[in-house]
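Subject: A structure for you to look at

Hi there,

Here is the structure I promised to pass on to you. Have a look at it first, and then read on for what turned up in it.

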Amino acid sequence: MSLQQAPQSRVFVELVPWADRGRENNVVSGSELLPGFRRPLSSAQTQTATREVHVSGTAELSASPDRAQVAVLVSSTKETAAEAKKSVCRRLDYITQSLQQQGLQVCITFTEFGKMQNICNFLIEKLDSSVVISQPQFYHTPSSVENLRRKACLVAVENARRKAQEVCNVVGQTLGKPLLIKEEETKEWEGQVDDLQSSRLSGSLTIQQKIKSATIHAASKVFITFEVKGKEKKRKNL
């Protein structure tokens, strides 16, 4: 008498990393799954699982210097020290008066570079060789640099959001709220390394080249995770 062959059965499982390796040699009851296996998600669990889109965004901004400083050297040659001192004081009074008429303080720190050039040219013209004005030194205030860093990060975030929005539009989904925002990298550098090197070595930089050389650049790279929602259905008017 031949034995009847038992019907074949099939088991569907999903392989995942073991969550509890301590159960490897333990006896598993009928209501539990073997280590390394788990039941497929139900339809309700699948619908509630968060869908995400991961994007990165970069931005690079620059800021010209917002301050310039010059030094004024006044000299005079007379027969006596008293006469030389009197001549220097007279020239200093003239310089101070000229600066005050322009609404500037005597420390000669400029925020308007056009006004700086005008007053320096005026003093050299009026006081000839007795007055020596140094080349302007351009720099940034701390608030200006911090503002540049902040703007670079914000622009990078906006670029990442636009990228994620376009991705969702292509696949017919709706972009949700951000779940994670992380600034991964920041860079800062000053000036350009191209055609300014030869001029800097020769000491013949123009005012515009000096401003360009003192310009600060800031770059930011961010990583953002957005929630992805299903396409919103338009309600039909009843």
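In which helix does Val167 lie? The answer is helix α4, which covers residues 142–170. I will come back to that helix below, but let me start with the whole chain.

Please keep in mind that this is a predicted model. The mean pLDDT of the protein chain is 75, with 67% of the residues at 70 or more. Residues 6–38 have a pLDDT below 50, and in the model this stretch makes 21 contacts beyond near neighbours in sequence. I would read that part with care.

Now for the overall picture. The protein chain has 238 residues, and 28% of them count as buried. Its secondary structure consists of 6 helices and 10 strands. If you take the contacts with a separation of 6 or more, 79% of them join residues that are 24 or more positions apart. The chain exposes about 17,700 Å², and 51% of that area comes from carbon and sulfur atoms.

Next, a sheet. Three strands make up an open sheet, in the order β6-β4-β8, with antiparallel pairing. Its edge strands are β6 (109–110) and β8 (137–139), each of which pairs on one side only. Between β4 (residues 67–69) and β6 there are 2 bridges, again in the antiparallel sense. You can find this spot on the model by looking for Gln69, which stands opposite Thr109 in β6.

How many salt bridges does a search of the whole structure find? It finds 6. As background, side chains of opposite charge can pair when their charged atoms come close. One example is the pair Arg67 and Asp66, whose side chains meet at 3.8 Å, N to O. Arg67 counts as partly exposed because its relative accessibility is 26%.

Back to helix α4, where two more salt bridges are worth a look. The side chains of Glu146 and Arg149 meet at 3.2 Å, N to O. These two are 3 residues apart in the helix, so about one helical turn separates them. Glu146 is partly exposed, at a relative accessible area of 40%, and Arg149 is partly exposed too, at 39%. Glu146 and Arg149 also belong to a network of salt bridges that includes Glu188.

Further along, the side chains of Arg162 and Glu158 form a salt bridge of 3.4 Å, N to O. Here the spacing is 4 residues in helix α4, so these partners are also separated by about one helical turn. Arg162 has a relative accessible area of 40%, which makes it partly exposed. Glu158, at 31%, is partly exposed as well.

Finally, back to Val167. Is it part of a polar or a nonpolar patch on the surface? Together with Val170 and Val171, Val167 forms a nonpolar patch, and the three have about 280 Å² of accessible area between them. Val167 itself is partly exposed, because its relative accessibility is 36%.

If you would like somewhere to begin, try locating helix α4 (residues 142–170) in the viewer, then look for the salt bridge between Glu146 and Arg149 and the patch that includes Val167.

Have fun exploring!

Best wishes

Technical notes: Residues numbered from 1 in each chain as written. Predicted model: local features only at pLDDT ≥ 70, side-chain atom pairs only at ≥ 80, totals over all residues. Heavy atoms only, no water. Patch = residues over 30% accessible without salt bridge, like charges linked within 9 Å, V, L, I, M, F, W, Y side chains within 5 Å. Areas by Shrake-Rupley, 256 points an atom, 1.4 Å probe, with all protein chains shown as cover. Salt bridge = Lys/Arg side-chain N within 4 Å of Asp/Glu carboxyl O. Buried < 20%, exposed > 50% of the residue type's maximum accessible area, 1.4 Å probe, protein only. Contact = heavy atoms within 4.5 Å. Pairing = 2+ DSSP bridges. pLDDT = per-residue confidence, 0-100.
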